[in-house]
Each structure stands twice: as C-alpha cells, then as structure tokens.
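These are my notes from one sitting with a model. I put short questions to the coordinates and wrote down what came back.

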Amino acid sequence: MTETGHDLAPGLRYVPDHFDRAAQEALVAAIRAVVADAPLYVPRMPKTGKAMSVRMTNCGALGWVTDKDNGYRYQPTHPETGRPWPAIPQTLLGLWEAVSGFAKPPEACLVNFYDPEAKMGLHQDRDETDLAAPVVSVSLGDQCLFRVGGTSRSDPTRSFRLSSGDVFVFGGESRLIFHGVDRIYPGTSTLLRNPGRINLTLRRVNP
Ligand SMILES: O=C(O)CCC(=O)C(=O)O
Ligand SMILES: [Fe+2]
C-alpha cells in the first residue's frame, strides 16, 4: 500500500497501486460477500428505462440506485430484495480515512461490475447533498480506459488506463468533474475468476 500519488488538478488525486495483490484479493472476497447478500442488479436510466451496461449493488447505510420511474437517488434498501444494504467492509473505511481528508465516514459504497463490453458515459456524481466530501474510487480486476474532464461537459478530457488496486479521489474543486469509463481491457488482470472489472466508489451523501 502506498500513500503517495499524483495530484492531477486541485482536489483530483490519482494513487496507482494503492492496494497490493493480497489487499486486492481480500477486497474481492469482501465484495463477493456483499454481492451474496445484495445481488447485482441492472440499473435503468430515468424516463427511458434503458438498461445500463454496468451491473450494480451497494454497501453502506445508503446505496445509489436508478430506475425508469424514480430516477437517480440514494436509498437504504436494495431495490429488488428490499433488504438493507450490507455494511461497508473495514478495509474501505480505512481507505476513506487514509485518503479522503474528511472527518465523517462514507455512507455509501456503490459497487459497479463491468463485463468486457460494459462502459459508463461521461457524467458528474451530483446526487449527494454533501459536496464537501470527496468521492473515493477503487479499481479491481481488468484495466479500463478512464476519462476525466473538467466541471463543464465541454471541457477537454484526459484518459488514464486504470489498473487493479488503483485509487482515484475527486474532491474540492474537482468534486464535480465529468468522468466516465470508455472501455474495459479484458484479460489484463488475473484477480477475478472471469473477465471484467469491479469499481467501488465511497461517497458521503448527507452533511
Ligand atoms: O468505474 C469507474 O471507475 C467510475 C464509476 C463512476 O463514475 C460512478 O459509479 O459514478
Ligand atoms: Fe461517477
């Protein structure tokens, strides 16, 4: 584990290789336990009901969900099982303490699973009431092409090939930057049993 990293812009920090292989394996085991309790589901875009290519679940007091009728929101229960989300694994709470610089703990951890064809369009994370806290993001499994821009959709973007164990922090002036995942590179990691990528984002929702 390393605490160093690069500041790409004010509030925007890239920490490659934050988690070593053993820590990545432990995280995957913890996420498998989360998924066993709170299964991955297919999120749908507001209004159109179009399925996203990424499958999702959450852990924490709140989880980010979306569907056709009610759109983007945080809620305390899984949209399909109706059960509360499982707890955020301790390793991730430790990560938040180490890199967020924010006193209160995260309330939500969104778990995204990308199969080799999945992607995520350029967007801002802005469904949280508390924008003072950063978003802390962890990559596991296959590499991806991650794109980050500025706070306007039309700002120029930079691309990074994120690898398993990498951490990204969006806070401060960069809290509302546009970002997305253009593609997955299947077969670039041996961490997961099947090709694909897991992304975890820790978020503070309420002040
Ligand atoms: O998969 C990623 O690296 C980014 C995920 C993301 O932006 C999100 O869930 O809001
Ligand atoms: Fe996002």
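**Entry 1: the UniProt sites**

Where does D125 lie? I found D125 in the loop between β7 (120–123) and β8. The model is a predicted one, and I read everything below with that in mind.

I then asked for the burial of D125. It counts as buried, because 20 C-beta neighbours fall inside 10 Å and the cut-off for buried is 20 or more.

I looked up D125 in the UniProt record next. An unreviewed entry lists H123, D125 and H179 under "binding site". These residues span 57 residues in sequence, yet no two of their C-alpha atoms are more than 8.7 Å apart, so they gather at one spot.

I went on to H179. Its place is in strand β12. H179 is buried, with 22 other C-beta atoms within 10 Å. Setting aside neighbours within four places in sequence, I noted contacts of H179 with L122, F146, R147 and V148.

**Entry 2: the ligand shell**

Which residues are around ligand 1? I listed L110, N112, M120, D125, S137, F146, H179, V181, N199 and T201. D125 and H179 from the UniProt list are thus also in the shell.

I sorted the shell by class: four residues are nonpolar, five polar and one charged. I also checked which strands contribute. β6 (108–114), β12 (179–185) and β13 (197–203) each supply at least two residues of the shell.

**Entry 3: strand β13**

The unreviewed UniProt entry also gives N112, F113, Y114, R197, I198, N199, L200, T201, L202 and R203 for "binding site". I took two of these, R197 and N199, for a closer look.

R197 lies in strand β13. I counted R197 as buried, because 28 other C-beta atoms are within 10 Å. Beyond its neighbours within four places in sequence, R197 is in contact with Y114, S139, L140, G141, D142, C144 and I184. Y114 is itself on the UniProt list.

N199 is likewise placed in strand β13. N199 is buried, with 22 other C-beta atoms within 10 Å. With neighbours within four places in sequence left out, N199 is in contact with N112, S137, V138 and S139. Of these contacts, N112 and S137 are also in the shell around ligand 1.

I checked the domain annotation as well. UniProt, in an unreviewed entry, places "domain: Fe2OG dioxygenase" at residues 105–206. I computed 0% helix and 46% strand for that span, with its end C-alpha atoms 11 Å apart.

**Entry 4: helix α1**

How many residues does helix α1 have? I counted 17, from 21 to 37. Helix α1 reaches 25 Å from its first C-alpha to its last, close to the 24 Å expected at 1.5 Å a residue.

I asked which residues of α1 are buried. They are Q24, L27, I31 and V34. They cover an arc of only 75 degrees around the axis, which puts them on the same side of α1. An α-helix has 3.6 residues a turn, so residues three or four places apart point the same way.

The face of α1 turned away from that buried side carries the exposed residues R21, A22, A29, R32 and A36. I also looked up what the buried residues of α1 pack against: β3 (55–60), α2 (90–99), β6, β8 (135–141) and β13.

**Entry 5: loops**

I turned to the loops on either side of α1. D17 lies in the loop between β2 (12–15) and α1. D17 has a positive phi of about 60 degrees although it is not a glycine. With 16 C-beta neighbours inside 10 Å, D17 counts as partly exposed.

K47 lies in the loop between α1 and β3. K47 is not a glycine either, and its phi is positive, about 70 degrees. I counted K47 as exposed, because it has 9 C-beta neighbours inside 10 Å.

Is N70 buried or exposed? With 11 C-beta neighbours inside 10 Å, N70 counts as exposed. I found N70 in the loop between β4 (63–65) and β5 (73–75). Its C-alpha is 10.0 Å from that of R44, 26 residues away in sequence.

My last stop was N194, in the loop between β12 and β13. N194 counts as exposed, with 9 C-beta neighbours inside 10 Å. The C-alpha atoms of N194 and L27 are separated by 16 Å, and the two residues are 167 apart along the chain.

Notes: Residues numbered from 1 in each chain as written. Chains lettered and ligands numbered in written order. Predicted model: local features only at pLDDT ≥ 70, side-chain atom pairs only at ≥ 80, totals over all residues. Near = placed C-beta within 6 Å. Helix = DSSP H or I, 4+ residues; strand = E, 2+ residues; numbered from the N terminus. Nonpolar A, V, L, I, M, F, W, Y, C, P; charged D, E, K, R; others polar. Buried ≥ 20, exposed ≤ 12 C-beta atoms within 10 Å, placed from the backbone. Expected span 1.5 Å × (residues − 1). Arc of directions from axis to C-beta. Contact = placed C-beta atoms within 7 Å. UniProt positions renumbered as here; feature names shortened; annotations may be inferred.
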